[in-house]
Each structure stands twice: as structure tokens, then as C-alpha cells.
Amino acid sequence: MTQDISVIILTFNEEKHIERCIKSLLPFTKEIFIVDSNSTDKTVEIAESLGAKVYKNKWPGNHAKQFQWGLDNCLIKTKWIMKIDADEYVLPELASEINSKLNTLDNDISGIYIKRRLYFLDRWIKNGGYYPVWLLRIWRSGHGQMEQRWMDEHIKLTSGNTVEFENDLVDDNKNGLTAWTEKHNSYATKEAIDGLNKIYNFVDADIEEGKLFGTKIERKRWLRQKYDSLPLFVRPIIYFHYRYFFKLGFLDGKQGFIWHFLQGFWYRFYIDAKIYEIYHNAGKDKNAILKFIKDKYNIDVLQRKKEDE
């Protein structure tokens, strides 16, 4: 049984994950759209063999712009839309829940939060504040748009209320630690730019406002604002101790130690180091910072602003 729902997946060289992802969606989706950034492996061949419709679009520099391109250009005709990453998959229990509940929701419900469980080195990371992570992944067509920011983008509802489903989707990337660190090197640059954008307002971003008692995304934004207000290099130390000790991350064993150290400390420290590097070379003048980012990282922040306009 399928529902009146389409799924959009962004891909680039995801042959290791895409079959698992698409097969988990087939029990409940009407259409699956792939927005591919010119993969050189068998991603497109595998996706098309499983019935997905593949669109190609040159990588625009960040996930938010690419996903919004998918929303604007894929011929979606269903009432509902779902976002999922290629290295994620839906558990059979969640597929059954979507099949049984989607058509029963009240008309004022526009968004559905789903829990994500993370696997790292074949272990479910249950502690350190990493489960459950609630994400708004299903929304009514025409009622959601992607936040335009360099990193950590979310779907923002334009109207309506939300509900929570009980079952999980899984994030389980099989590319290994080398790929993970290479990817997070790129992510750290983008997060550093996001952080500086909050100070210098390079680009007016349509970002969910942070509220302690708001929605899950608004509360996450509020916590992030508190984190951002702490001094460079001090905040990753505090954050790691919070996750690993206060939130019991140590209960996740060796895999948990590696995960919380790399993701909760090393990555956050690296972002601060990149911000420090920018200040060290460009000072705190806005134009000098923009020039350094363009020269060092080949990222033209103002060009993005012109494109958004």
C-alpha cells in the first residue's frame, strides 16, 4: 500500500547507500525523486533501476540550496513530501506507521516529526543527547520550505501544526572514518561561515527563531545561540563534557567515545580553529573577512546573497 507522498533524496556518489534507502521507502511512497550532483559511480543507475526519478543539478555549494532546487523543480503532485538523506533508511515499523496514520491526520496538521537513531561503527548511539533526535521530515506540499543557511538546515513550516510519529528512521553511514573526517572538514568551514554570518550579517538568512519553549527546532536554535555566545575553544570543551559525562555518552562504549570525541569535541574545536584562522589573517573587518573566505575557501558569500535575491 502506498500513500500520497513523495520523497526527495540528494545524492553524490551514494552507490553504497542508495539501494538500502530506496527499498525502505517503497512500501509507502508514491514517488521517489533523486536530485543528483553528477555522481560518477553507480548511484543513478541503481536509483533508476528501483523506479526513482532522477534529476541532475550541479552542486550549488550547500544542502539547503540543492534541496530547495529539488522542491522547486521536481514535478511533485502528492499531498505530502518527505526529506531523507541517502545514508538514512526508514525502519519497517515507521513505514507501517506512515501507512496507517498519514490519511487520518487532521487538516490543520502540516508537519510530522520523526525520531532519528544514529549508528556509528555498527553501534546505536543511544546516549550523549543523541537519541531521540526529532526532525521535521514530512510536511504537506506548499506548507514547508528549506531554511537557507550553510549548515544544519531544517524544513520550516509556513503554516499549520505538527505531530510526532512513534517509530524511527536510521542514520548509518558506511563510508568509514576517512570519509567522515573529510566531509566534516568541509562542514567545519561552512559552520564557521554560518557563525561569522551571525556576527557580521553577511547574508539575511530565513532561519527559525530560537525559543526555549518553542518547537523542537526553535528550542534547538535557542540552545545553539547559547553555545555560540561562549568563548572560542572553551565551548567545545564544555559541550564534550556535557555530552559524554552529564548526558551519559560514556555508556555507548568505545564507539560512543570515538563518536562523542570526534563529533562533540574535535569537530566543534575545528570550527573554532577555522574562525580563529580567519580572524588571525583578516582581522575583524567585515570586508577583509569576506575576501579571506573567498580567497582561502573559494566561497563567495556575497555571490550567494545575489543569487538568493
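These legends go with a set of close-up views of a predicted model.

**View A. A salt bridge between Asp 172 and Arg 20.** Here the closest N and O atoms sit 3.8 Å apart, inside the 4 Å cut-off for a salt bridge. Asp 172 comes from the loop between strand 11 (161-171) and helix 5 (176-200), and Arg 20 from helix 1 (residues 18-25), so this contact ties together parts that are 152 residues apart in sequence. As for the surroundings, Asp 172 is buried at 7% relative accessible area, while Arg 20 is partly exposed at 26%. The model's full tally by this rule is 21 salt bridges.

**View B. Lys 101 and Glu 97 paired up within helix 4.** The two side chains form a salt bridge with an N to O distance of 2.7 Å. Both residues belong to helix 4 (residues 92-101) and are 4 residues apart, about one turn of the helix. Which of the two is buried? That's Glu 97, with a relative accessibility of 5%; Lys 101, at 27%, counts as partly exposed.

**View C. Asp 168 meeting Arg 117 in a salt bridge.** The N to O distance in this one is 2.9 Å. Asp 168 is part of strand 11 and Arg 117 part of strand 6 (residues 109-120), so the pair links distant parts of the chain, 51 residues apart. Both partners are buried. Elsewhere, salt bridges with shared partners pull Glu 191, Lys 198, Arg 224, Asp 228 and Arg 268 into one network.

**View D. The second largest pocket, with a volume of about 230 Å³.** Its lining has 16 residues, and the ones closest to the pocket centre are Gly 195, Ile 199, Asp 228, Arg 235 and Ile 275. Asp 228 also turns up in the salt-bridge network, together with Glu 191, Lys 198, Arg 224 and Arg 268. Which helices each supply at least two residues of the lining? Helix 5, helix 6 (216-228) and helix 8 (253-282) do. By residue class, the lining of this pocket splits into 8 nonpolar, 1 polar and 7 charged.

**View E. A nonpolar surface patch of about 360 Å².** Phe 245, Leu 248, Phe 250 and Leu 251 make up the patch. Phe 245 lies in helix 7 (residues 234-246) and is partly exposed, with 46% relative accessibility. Leu 248 sits in the loop between helix 7 and helix 8 and is partly exposed as well, at 37%. Its backbone deserves a look too: Leu 248 has a positive phi of about 65° despite not being a glycine.

**View F. Another positive phi, at Asn 201.** The phi angle of Asn 201 is near 55°, again in a residue other than glycine. Asn 201 is found in the loop between helix 5 and helix 6, where it is partly exposed with a relative accessible area of 42%.

**View G. The cis peptide bond from Tyr 131 to Pro 132.** Omega for this bond is near -5°. Pro 132 belongs to the loop between strand 7 (123-125) and strand 8 (133-140).

**View H. Lys 115 and Lys 247, with C-alpha atoms separated by 18 Å.** Along the chain these two lysines are 132 residues apart. Lys 115 is in strand 6 and is buried, with a relative accessible area of 14%.

How values were computed:
Residues are numbered from 1 along each chain as its sequence is written. This is a predicted model: local features need pLDDT of at least 70, side-chain atom pairs count only at pLDDT 80 or more; totals for chains, interfaces and linings use all residues. Side-chain values use heavy atoms; hydrogens and water are left out. Buried means under 20% relative accessible area, exposed over 50%, partly exposed in between (1.4 Å probe, protein chains only). On a 1 Å grid over the protein atoms alone, a cavity is a set of points where a 1.4 Å probe fits but cannot get out, and a pocket is an open set with protein on both sides within 12 Å along at least five of seven lines; lining residues have an atom within 4 Å of a point. Grid points are joined across faces, edges and corners, and a volume is the space filled by probe spheres set on the points. Ala, Val, Leu, Ile, Met, Phe, Trp, Tyr, Cys and Pro count as nonpolar, Asp, Glu, Lys and Arg as charged, and the others, Gly among them, as polar. Patches are made of residues with over 30% relative accessible area and no salt bridge: like charges are joined within 9 Å, nonpolar side chains (Val, Leu, Ile, Met, Phe, Trp, Tyr) within 5 Å. Accessible areas come from the Shrake-Rupley method with a 1.4 Å probe; for residues, only the protein chains shown count as cover.
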